[in-house]
Amino acid sequence: LGRKRVEVASLVMGLAGAGRKPEQERFGEWAKRNGLAKRVIVQGDGEILLRLAPEPVTVLIAGTGSMCLQRTKGETFRWGGLGPILDDRGSGYWLVVQA
């Protein structure tokens with residue numbers, strides 16, 4: 001469509017479902033393979049949110065999935081975010097199953 005391609009040096013992606021190393025590596029490899037950027041950092045969506053506020057900070061995500069993250073005194077704590085099979089109470093999926 002005549003759009004000029006812009007070369008991106010670094011890309012940081014905060015993605016649902018990317019809170020663990022294997023998923024981060026898989027998403028990062030995909031981004032590099034598809035030419036999104038030369039340097040790619042992938043983190044979970046909650047981790048990105050934790051970095052936006054000074055400590056202590058608590059992030060509650062209640063959407064399709066659910067989880068709570070907290071960072072205080074340099075330590076990060078996580079509750080939930082395990083997916084519908086293990087534990088996803090409070091998520092959209094959980095609410096539909098309950099109904």
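Q: Why is Glu47 called buried?
A: In this predicted model, Glu47 has a relative accessible area of 19%. The term buried applies under 20%, so Glu47 meets the criterion.

Q: What makes the contact between Glu47 and Arg71 a salt bridge?
A: The N to O distance between the two side chains is 2.7 Å. The cut-off for a side-chain nitrogen of Arg and a carboxyl oxygen of Glu is 4 Å, and the pair therefore qualifies as a salt bridge. The partners belong to distant parts of the chain, with Glu47 in helix α2 and Arg71 in strand β4, 24 residues apart. Arg71 is buried, as is Glu47.

Q: What makes Arg51 and Glu47 a salt bridge?
A: Their closest N and O atoms are 3.2 Å apart. This value lies within the limit of 4 Å, so the pair is counted as a salt bridge.

Q: Is Arg51 buried or exposed, and how do you know that?
A: The relative accessible area of Arg51 is 52%. Exposed means over 50%, and Arg51 is therefore exposed.

Q: Which residues are linked in a network of salt bridges?
A: The network links Glu47, Arg51 and Arg71. Glu47 forms a salt bridge with Arg51, and Glu47 also meets Arg71 in a salt bridge.

Q: How many salt bridges does the structure hold, and what makes Glu7 and Lys38 one of them?
A: The structure holds three salt bridges. For Glu7 and Lys38, the closest N and O atoms are 2.8 Å apart, a distance within 4 Å, so the criterion is met. Glu7 lies in the segment before β1 (10-15) and Lys38 in the loop between α1 and β2, so this pair ties together parts that are 31 residues apart in sequence.

Q: Why are Glu7 and Lys38 classed as they are by accessibility?
A: Glu7 has 64% relative accessibility, and Lys38 has a relative accessible area of 61%. Each value is over 50%, so both residues count as exposed.

Q: What makes β3, β4 and β5 an open sheet, and which are its edge strands?
A: The three strands have the order β3-β4-β5, with antiparallel pairing. The edge strands are β3 (57-62) and β5, each of which pairs on one side only. From one strand to the next, the twist averages 10 degrees.

Q: How do you know that β4 and β5 pair?
A: β4 and β5 are joined over six bridges in the antiparallel sense. Pairing requires at least two bridges, so these strands satisfy the condition. Within this pairing, Met67 has Gly80 in β5 as its bridge partner. The two strands form a hairpin with two residues between them.

Q: What makes the phi of Lys73 notable?
A: Lys73 has a phi near 55 degrees, a positive value in a residue other than glycine. Most residues other than glycine have a negative phi. Lys73 lies in the loop between β4 and β5.

Q: Why is Lys73 called exposed?
A: Lys73 has a relative accessible area of 77%. As exposed means over 50%, the label therefore applies to Lys73.

Q: How do you know that the peptide bond from Glu55 to Pro56 is cis?
A: The omega of this bond is near -10 degrees, and the bond from Glu55 to Pro56 is assigned as cis. Most peptide bonds are trans. Pro56 is found in the loop between α2 and β3.

Q: Why does Ala16 count as exposed?
A: Ala16 has 59% relative accessibility. The threshold is over 50%, so Ala16 counts as exposed. Ala16 lies in the loop between β1 and α1.

Q: What lines the largest pocket, and which residues lie nearest its centre?
A: The lining consists of 27 residues, of which Gly17, Gly19, Asp45, Met67 and Arg78 lie nearest the centre. About 500 Å³ of space lies in this pocket. Among the elements that each supply at least two lining residues are α1 (21-33), α2 (45-50) and β4 (66-72).

Q: How many residues of each class are in the lining of the largest pocket?
A: The lining has eight nonpolar, 13 polar and six charged residues. Gly counts as polar, so Gly17 and Gly19 fall in the polar class.

Notes
Residues numbered from 1 in each chain as written. Predicted model: local features only at pLDDT ≥ 70, side-chain atom pairs only at ≥ 80, totals over all residues. Heavy atoms only, no water. 1 Å grid on protein atoms, 1.4 Å probe; cavity = no way out; pocket = protein on both sides within 12 Å on 5 of 7 lines; lining within 4 Å. Points joined across faces, edges and corners; volume = space filled by probe spheres on them. Helix = DSSP H or I, 4+ residues; strand = E, 2+ residues; numbered from the N terminus. Axes fitted to C-alpha atoms, helices over the stretch in contact; angles between N-to-C directions. Buried < 20%, exposed > 50% of the residue type's maximum accessible area, 1.4 Å probe, protein only.
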